[in-house]
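Colleague: I'm more at home at the bench than with models. Could you pick one part of this structure and walk me through it closely, then tell me briefly what else to look at?

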Amino acid sequence: MIVSSRFLLSLGFWFLPRAMAILLVGFFNGSLVLAIVQDPAVSIVFEDVSEQSGIEFVHSDGGTGKHFIVETVCSGIATFDYDGDGLLDIYFLSGSYPKPLSDSQPQRNRLYKNLGNLRFKDVTEESGVGDHGHGLGVAVADYDNDGDPDIYVSNFGPNVFYRNNGDGTFSRVENAPATNPDRSRVGAGVAFLDADSDGDLDLYVGNYIKFTYEKDVSRLILGIPAAPGPKDYDPDEDQFFRNNGDGTFTDLSIESGISAHAGPSMGLICVDYDQDGDTDVFVCNDSAANFLWNNDGTGKFTEMGQLAGVAYDYAGLRQANMGVDGADYDLDGWIDLASTNFQDEIPAFYRNAEGQFFDEIGASLGLGVATRNVTWGVVLADFDRDRYPDLFMASGHLIDAVEKLDSSIKFATKNHLLRNLGGKKFVDVSSRAGSGMQVEKVSRAAACEDLDLDGDLDLIVLNLNSTPTLLRNDTISTHHWIQLNLIGTHSSRDAIGARVTIQTKYGAQVQEVISGRGYQSHYGHSLYFGVGDATLVERIEVKWLGGKTAIYGPFAVDSAQTLVEKHDVPKK
Amino acid sequence: MFSCSVFRVGSQSFLHRLSPNRVTCSILSSGFFVLGAFSGCNEHSSAILEKQPIAHASTPKTDETNVLDDPSNALTENHRTPIDDRIDGKDEPLLVLPEPEVPNGNSVPPRDMATVAREASQYIELVVQLFPTDTDALEVQARLFLLLGKLESAKDCWEKSLGINPQYGYAYTGLGMIAMRESKYDEAVGHLKKGVALLPGEQNAAHELSNAYLRNGQIDQAIRVLQDQLQRKQDAFDTWQLLGQARMANRDYSAAKEAFARSLELNPRNYLAQQGLSAALLRLGERAEALKWMKLQESGRSSKSSSMEVVQAAERSDISDKLTHAARVLLKHNRKDLARKTLAYARGCSASNEESRVLLVSLLTEEKAYENAQQLVAELNALSPKNANYWLTAGSIATRNRQLGVADDMLNRVIELVPQRVEGYLAMAEAHILLDGNKQKAMEMAGKVVEIRGTSSDYATYAQTLAMNNRLEESISALEQAVEKDPEADNYKKILEQLRKERSAR
């Protein structure tokens, strides 16, 4: 017997979320049998296309097998268009140790040029970015405002600054203070921001712990070798470097207030969480209270983590926070933060309560599904273009023999994909989200971009001691999108810190231009908005850093637009 | 990045059921007449003593009393199985147990943790093989499996338990914990709800259930579980703290503030409640008060990892606890031989496991192995120097071992620690009567008991010591007091009659 959808509606099924569809299966023993399945039109699907991508990079943690803490924290990843051909390229960091400590071949970072259609070519040698330090964090921005992206890499050891020559090659900036040339620090996340809104990009450098090989701490759990934790070492201070506007930087870590607090930093993100017109910094600390550096607009910072409610989880516990991403998950106009962490910790979700406080609501949002694994890379992005940012978390344990300690946990594991249900809840859709979500590796960093220019967001995942996973977004959806590239003229050319509000028939959606995010990574310089079934973006408002606002549009959906800085509305 | 506690078993409910305090006291209570004096075996003995009724034994037991005959230990079952024969060497050995340390030193087994874990597993496996239908044995084994990360094996044990006794609540709690580990929160909630229903007083089961709800995003349900728990036990500071946290997750800041404040009334040093209270206050706009609590909570947190030695000691302690509970199961079945071996290994595993030492003292005393028992009580005294019960035990064993000087020292410590309690004086009186005939001292001590407590039996004891000191009039007077306080005490009346006759005869 066939029952019409009208009949089903009459039964009251109309109230089911839009994302759900009901398939009538039939009658069984006199009872109506229904199967409720995800609407194929909006199911998120990622296919693993790593093998055919041409990416042969194999990450190394250094390969000593000695469980040094710097081997476990792993490297970041960056996506950016290094050669200006309109396709986003991928830069992989790798660990590497001095020869006396390892028999493995010296590893180096690798840059892969996007050839289109998710095919890539290794251009490390010709581009000159193959640093073989122990790579940890990376951020990309046009720090000299010359129209091409430059790269900053934080290492265990001196950091590296690559200046883009504009011809597909890079020059290493030697002995710059910002590279800590004579200091051996354990790097972490890094980010470019214009802290004083003067139109050139400053640099926030996270540092993890004070470690040397001589200070190595051995750890055993029930007799099983494990890496030590951050609390086995003293935490390090982060650094802040002001861009002098002439291609040089000055270390203002003390003057800015940043060095006043030491913490084992990992991922970080720079956003204007309180919408006071300047860029603030959130720093994940590993097994310590997170930092929230509130900017007074001149590049002086005050640590507000506890006061703002982002230092701990909902229970007041310190978490081992790893990576962080920011997006307005409930479309209330405020940027919220999602942070990954250790096994048995519920991934933290800090809901921004109008810039005054954050409420840690990971549990009530349904992030508890990911508590059994250590999670690292994190992406809050709209994979199904329904306007609400979904959540991807890269996962993998840090104890290689963890299965001997807990048979329910694996070293290599699947990543997590949680779909945002209208800003109310996240649901785990990993198991039905295609082959890409079934890959089991020891994942760390993740980045998200429309790599094949097909109008949806793909993922690239860096895996410990392995090849990366390239996930093509094969979501079938009738929803639309718009992508925005901002070019600053008075503010920094990359428009880092600009706040963009798009208006569709459904209302407003907000994003900021960010450099450095996730797990010690960089991605998403171009802003990607899913707009549901809206067919027009009626208006776009850009608040350029420095306080000037401009209005753009209307624009057709399913298009990429470039917005050049202009000043329609006088500065307040 | 990680803490070793991640791999430790969170739940201790079963351990509490086999209760260190209960075990300690019940075992000690039957050994000597003074041993039963203290029913609290906590470090803060005097506080506990105030809470617990004291059972005064007017008739001293002799050291011939079988300490394990105490009905509270339920050591009644004594059946043999074919496995027993194998253990006793009548057949092929079933398992070669590692040799435990002899109880004469503070050393721990010089083995790495992996070996200790394996050997402990052997001990507990043997208990399960001996008593395969004993759910307590299966529970201990499941807990060890859980500790060692063998989830499937733990699950098997709990499922077997439920096959034997479908109402065995601990098994549901255990299965719920495993489901939690596997991120199967719906399943966890199902098991834990049954556990809570079957074990309504078990705080741990309720906490686990609320945690499962939280992880499943069901905050309202978590709050309800915690509220129910607080109906049963209103003074549980950690339940109030969890309720505050759940309220925070629900953004109900006023209710959260109230819950955290209640938790802090019950335990002012609870830094999680301090942190929670500061967060709630901030959201309620009470910034100055919030800052005060924020500062306070920081001092309660450790910023450094525990040393490897501390971590390993904790691991050994966990395993040692499991072995001790396995020994309790053996004692329940009257398998003292194997229990003693198991306890000796448990003691060797952990330098801080008091319960294994207490049980060993009991067994060794029964065997009149006083020197070894004294060695162990010395360890207990070192671990909990303020526990008057341990000093009392030491004094009593010294009395049995005819070491008056030692007994004097030990019992004087008892009197110093709890001068307003009678047990030290009674034990001292006993020691002097038994060992040096110092009737004067015995009389003084009994007099002190009358002064402090003055029950019928206290007067009777005092009368006895007065009589021993040829103070007949005073003895009669004391006994009259005893009879006045307990007119039903026919034995006192008979003795009083005899004493009066003796007075008349004089």
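Modeller: Happy to: what follows is a close look at one strand and its partners, then a short tour of other parts.

This is a predicted model, in which local features need pLDDT of at least 70 and side-chain atom pairs count only at pLDDT 80 or more, while totals for chains, interfaces and linings use all residues. Residues are numbered from 1 along each chain as its sequence is written, and chains are lettered from A and ligands numbered from 1 in the order in which they are written.

Let's start with β32 of chain A, residues 458–463. Strands here are DSSP runs of E with at least two residues, helices are runs of H or I with at least four, and both are numbered from the N terminus. Six of the six residues in β32(A) are buried, meaning that 20 or more other C-beta atoms, placed from the backbone, lie within 10 Å of a residue's own. One side carries A:Asp458, A:Ile460 and A:Leu462, the other A:Leu459, A:Val461 and A:Asn463, and both faces are covered.

Now for the partners of β32(A); two strands pair if DSSP finds at least two bridges between them. β31 of chain A (443–449) pairs with β32(A) in the antiparallel sense over five bridges, and here A:Val461 is the bridge partner of A:Ala446. β33 of chain A (469–473) is also antiparallel to β32(A), with three bridges joining them; in this pair A:Ile460 partners A:Leu470. β32(A) and β33(A) form a hairpin with five residues between them, and A:Asn465 in the turn has a positive phi of about 55 degrees.

Chain A also has an open sheet of four strands, ordered β17-β18-β19-β20 with antiparallel pairing. Its edge strands, each pairing on one side only, are β17 (265–271) and β20 (301–303). Five bridges join β17(A) to β18(A), residues 280–285, and A:Asn285 is the bridge partner of A:Ser265.

Finally, where the chains touch, 45 residues of chain A are in contact with 40 of chain B, contact being C-beta atoms, placed from the backbone, within 7 Å. Elements giving two or more residues to chain A's side include β13 (219–221) and α5 (305–308). That side divides into 20 nonpolar, 15 polar and 10 charged residues; Ala, Val, Leu, Ile, Met, Phe, Trp, Tyr, Cys and Pro count as nonpolar, Asp, Glu, Lys and Arg as charged, and the others, Gly among them, as polar.

Definitions and conventions. Contact = placed C-beta atoms within 7 Å. Buried ≥ 20, exposed ≤ 12 C-beta atoms within 10 Å, placed from the backbone.
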